Amino acid sequence: MLRILCLALCSLLTGTRADPGALLRLGMDIMNRGELVGPGVQLGGGAWEVQSAMDESHILEKMAAEAGKKQPGMKPIKGITNLKVKDVQLPVITLNFVPGVGIFQCVSTGMTVTGKSFMGGNMEIIVALNITATNRLLRDEETGLPVFKSEGCEVILVNVKTNLPSNMLPKMVNKFLDSTLHKVLPGLMCPAIDAVLVYVNRKWTNLSDPMPVGQMGTVKYVLMSAPATTASYIQLDFSPVVQQQKGKTIKLADAGEALTFPEGYAKGSSQLLLPATFLSAELALLQKSFHVNIQDTMIGELPPQTTKTLARFIPEVAVAYPKSKPLTTQIKIKKPPKVTMKTGKSLLHLHSTLEMFAARWRSKAPMSLFLLEVHFNLKVQYSVHENQLQMATSLDRLLSLSRKSSSIGNFNERELTGFITSYLEEAYIPVVNDVLQVGLPLPDFLAMNYNLAELDIVENALMLDLKLG
């Protein structure tokens, strides 16, 4: 009985769990890139910021001063005067993922300590060291943003060389290492690690800000939970908020299947996965923008838009309008646009009404000829421009055509299939593509440049394979 109850509760909890509306997977390519922590980077990234942090904290001056001071429980160093620290090497940073935690960071650097020995000669001690710390990746409870926090910072001496005679080396150098480097360095060098994290955390700041979709609404990428770290990447699960200008939130449809990254991407690479349901919700913001009133008589390669042309397909029009009249067409989208995706192909489904009117003299309102319900699909091509997802469409199929009302009597609407198909291609799809030029916002994180991303349509989602050039 207890087992059955447990299964029922688990089932209930699973059914109410919100699935992510977008996934972001960050590989070491992005975490290691130079742009993440500033210019002048060596190898792993972050050297410039560490160097700046060390300069700003006056490490050189402090180390020289501390070396000659009496520390609690220790005597000042004898035999070394005029201590100076110089030639701090440009740090090299290496990063490794720590599953379930975040990132292990190692900053490798070195410096030269100079001074005068009691013998009167110049002294040099060349020190190579590593600063290591674990950067735990969390979700800030106040802001909801990802945040790195450093813990367990250590300074490890890797190598020490000196020009002092060998018989002086153990006593003087060890005294210097014990009283100064081992005890002072962590407090002086570890702030450099923290400074790097402050810099990186600032690059998450705009992630959850509302971003406009034209003038029709906004999209906000809200982090569902703390980022998950594996041995190969960091994954962020988003629950995007799509909101109309007046404040109404558009709910994402149930995808039916769990959102997962496809296999086959290079190790250490980064991807963004945008499901079709999310794109559909964004396009729902533009639904009213797809409504059009087309009054042009000449449109593209179409014949003149008059009752005379229409009478070729519907003889009843010639009876009702023996003299040719200009046509006006009104198209309204009756259901929210829906995006579907199969591997290599994406479609935009539009359910509309199409009403044709004949112009009348003496400023009278145009006369409705008929009202049709039209369901058609558009093929979608995706691209990125100025960090916005762009969509361009072309007609795929006219799926259904049915008559709802008519002022010219009964007629076979199927006779209009070719006419309406050409009309959609020449007159309506250009309007849709103009509306779509507003672009759809992509997550703003770590100063990411999406313009180099490679796009791939996978099952139920659009994949952006993020490239750094």
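**Exercise 1. Where does Asn460 lie, and what is unusual about its phi?**

Before we start, note that this is a predicted model.

Step 1. Look for the strands around the residue. Asn460 sits in the loop between strand E21 (454-458) and strand E22 (461-466).

Step 2. Check the backbone angle. Asn460 has a phi near 65 degrees, a positive value in a residue other than glycine. For background, most residues other than glycine have a negative phi.

Step 3. Ask how covered the residue is. With a relative accessible area of 30%, Asn460 is partly exposed.

**Exercise 2. Look at Glu386 and work out which loop holds it. Is it buried or exposed?**

Step 1. Find the loop. Glu386 is in the loop between E18 and strand E19 (388-406).

Step 2. Read off phi. Glu386 is not a glycine, yet its phi is positive, about 50 degrees.

Step 3. Compare the accessibility with the cut-off. Exposed means over 50% relative accessible area. Glu386 has 61% relative accessibility, so it counts as exposed.

**Exercise 3. Get an overview of the chain: how many helices and strands does it have?**

Step 1. Count the elements. The protein chain contains nine helices and 22 strands.

Step 2. See how much is covered. The chain has 469 residues, and 47% of them count as buried.

Step 3. Turn to the outside. The accessible surface of the protein chain is about 23700 Å², and 53% of that belongs to carbon and sulfur atoms.

Step 4. Think about contacts along the sequence. Take the contacts in the chain with a separation of 6 or more: residues 24 or more positions apart account for 67% of them.

**Exercise 4. Find the disulfide. Which residues does it join, and which parts does it tie together?**

Step 1. Spot the bond. The structure has one disulfide, and it joins Cys153 to Cys190, with 1.9 Å from S to S.

Step 2. Place both ends. Cys153 belongs to strand E6 (residues 146-162) and Cys190 to helix H5 (residues 169-202), so the link ties together parts that are 37 residues apart in sequence.

Step 3. Look along the S-S bond. The angle about it is -90 degrees, and the link of Cys153 and Cys190 is left-handed.

Step 4. Check how covered each end is. Cys153 counts as partly exposed at 25% relative accessibility, whereas Cys190 is buried at 11%.

**Exercise 5. Explore the largest pocket. What is its volume, and which residues are closest to its centre?**

Step 1. Start with the volume. The largest pocket has about 660 Å³.

Step 2. Go to the centre. The pocket is lined by 36 residues, and the closest to its centre are Ala253, Ala276, Thr277, Ser280 and Val339.

Step 3. Sort the lining by class. You get 18 nonpolar, ten polar and eight charged residues.

Step 4. Trace the lining back to its elements. Strand E13 (270-275), helix H6 (276-284), strand E16 (338-342) and strand E17 (345-358) each supply at least two lining residues.

Step 5. Take a look at H6 itself. Nine of its nine residues are buried, among them Ala276, Thr277 and Ser280.

**Exercise 6. Pick out three residues, Thr114, His291 and Leu371, and list what they touch.**

In each list, residues up to four places away in sequence are left aside.

Step 1. Begin with Thr114 in strand E4 (residues 102-117). At 14% relative accessibility Thr114 counts as buried, and its contacts are Asn82, Leu83, Lys84, Lys86, Met123 and Glu124.

Step 2. Move to His291, in the loop between H6 and strand E14 (292-294). His291 counts as partly exposed at 30% relative accessibility, and it is in contact with Ile331, Lys332 and Ile333. From His291 to Thr353 is 62 residues in sequence and 9.7 Å in space, C-alpha to C-alpha.

Step 3. Finish with Leu371 in strand E18 (residues 367-385). Leu371 touches Thr353, Leu354, Glu355, Ser402, Arg403, Lys404 and Ser405. Take Ser402 from that list: Leu371 and Ser402 are 31 residues apart in sequence and 8.7 Å apart in space, C-alpha to C-alpha.

Methods:
Residues numbered from 1 in each chain as written. Predicted model: local features only at pLDDT ≥ 70, side-chain atom pairs only at ≥ 80, totals over all residues. Heavy atoms only, no water. 1 Å grid on protein atoms, 1.4 Å probe; cavity = no way out; pocket = protein on both sides within 12 Å on 5 of 7 lines; lining within 4 Å. Points joined across faces, edges and corners; volume = space filled by probe spheres on them. Helix = DSSP H or I, 4+ residues; strand = E, 2+ residues; numbered from the N terminus. Nonpolar A, V, L, I, M, F, W, Y, C, P; charged D, E, K, R; others polar. Disulfide = S-S within 2.5 Å. Buried < 20%, exposed > 50% of the residue type's maximum accessible area, 1.4 Å probe, protein only. Contact = heavy atoms within 4.5 Å. Areas by Shrake-Rupley, 256 points an atom, 1.4 Å probe, with all protein chains shown as cover.
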